[in-house]
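For these notebook entries I looked up how the aromatic rings are arranged and where charged side chains sit over them.

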Amino acid sequence: MKIIRSAKQLQKITTQLKTKSTIGLVPTMGYLHEGHLSLIDMAKKHADKIIVSIFVNPTQFGPNEDLSRYPRNIKKDLKLLKEKGVDFCFLPDSKEMYSKDHQTWVDLEQIPLGLCGAKRPGHFRGVATVVLKLFMLSQADVAVFGKKDFQQLALIKTMAQELNVPIKIIGAPLIREKDGLAMSSRNVYLTVEERQLAVKISQGLKAVKSACQSGELRLSNLKKVFLKTLGAHPLIRVDYFECRNKNTLQELKVCVPQKTLVACAVFVGKTRLIDNLTV
Ligand code: AMP
């Protein structure tokens, strides 16, 4: 596996690569887990050569978020990527991606308004900008993103389509721990007690799905089911719980079976975890 730290060098390599191979890109922030690795498996099904980027993108973190303490273990990440048979790891630093006076941003009007976008102002501007840069540098034919970050996936699909980026965006399934907790690099922040509480998030979503399957379609009642399963605990705080159209992310008046995405962000201690299920 070749490790590339320079943006120019990556572009030079991919220009040559493109003449005879298709390129698959998997953007990550590192501290890799099985969720990330499943995206690589998916990318391999669609492209000859695989590039995984590891970049903790500063522009997608708010001033009071966890940029400085975001977990990192590059040595372990590189080992996992080599074992997976990844061809290139793009590992830039912040200066390589942004000049001091960077002034070009990709801003979407609608998709960032609700859900995580409403709770994390500026987050999706940072995401869209860095992802477009990665698309330009990797010259990828295909890029794979996890459905765990469903709003991010919708944003990137829309951006690629509206800016005519010649790339196919693939959404890969959300991968969970055995007990149901959605895998996340941030799970490492959890104490033993918080880890036990965190499992209630996916249990809450499953309870909502069962209630919906039993005919309960009123959103206020579905929220009650979620909150009841989550339980009242001083370490748990719901940031949002919402039911949206799974294709358009538009708000719903009632839950529409087969078409509803139930999504939430929950603080467990200081750690903000997201999860979702289609119902
Ligand atoms: P991150 O490193 O958290 O920025 O995530 C990089 C990519 O991995 C994004 O496309 C995420 O949606 C995806 N991802 C993260 N966790 C999971 C998971 N548990 N299952 C599937 N994809 C995931």
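Entry 1, charges over rings. In this predicted model I looked up Arg-69 and found that it lies over the face of Tyr-189, at 4.1 Å from the ring centre. I then turned to Trp-105, where Arg-125 lies over the ring face, at 4.1 Å from the ring centre.

Entry 2, the cluster. I followed Trp-105 further and noted that it forms one aromatic cluster with Phe-55 and Tyr-98.

Entry 3, aromatic pairs. I looked up the number of aromatic pairs in the structure, which is 5. One of them is formed by Phe-55 and Tyr-98, with 6.4 Å from centre to centre and 35° between the planes, and I recorded this pair as tilted. I placed Phe-55 in the loop between strand E3 (49–54) and helix H3 (74–83), and Tyr-98 in the loop between helix H4 (94–97) and helix H5 (115–119), so that the pair links distant parts of the chain, 43 residues apart. For accessibility I entered both Phe-55 and Tyr-98 as buried.

Entry 4, a stacked pair. I next looked up Phe-226 and Phe-241, whose ring centres are 4.6 Å apart and whose planes meet at 25°; because planes under 30 degrees apart count as stacked, I recorded the pair as stacked. Phe-226 belongs to helix H9 (residues 219–230) and Phe-241 to strand E7 (residues 236–245), so this pair ties together parts that are 15 residues apart in sequence. I closed the entry by noting that Phe-226 is buried and that Phe-241 is buried as well.

How values were computed
Residues are numbered from 1 along each chain as its sequence is written. This is a predicted model: local features need pLDDT of at least 70, side-chain atom pairs count only at pLDDT 80 or more; totals for chains, interfaces and linings use all residues. Side-chain values use heavy atoms; hydrogens and water are left out. Rings of Phe, Tyr and Trp (its six-membered ring) pair if their centres lie within 6.5 Å; planes under 30 degrees apart count as stacked, over 60 as edge-to-face and the rest as tilted. Helices (H or I, at least four residues) and strands (E, at least two) are DSSP runs, numbered from the N terminus. Buried means under 20% relative accessible area, exposed over 50%, partly exposed in between (1.4 Å probe, protein chains only). A charge sits over a ring if NZ of Lys or CZ of Arg is within 6 Å of the ring centre and within 35 degrees of the ring normal.
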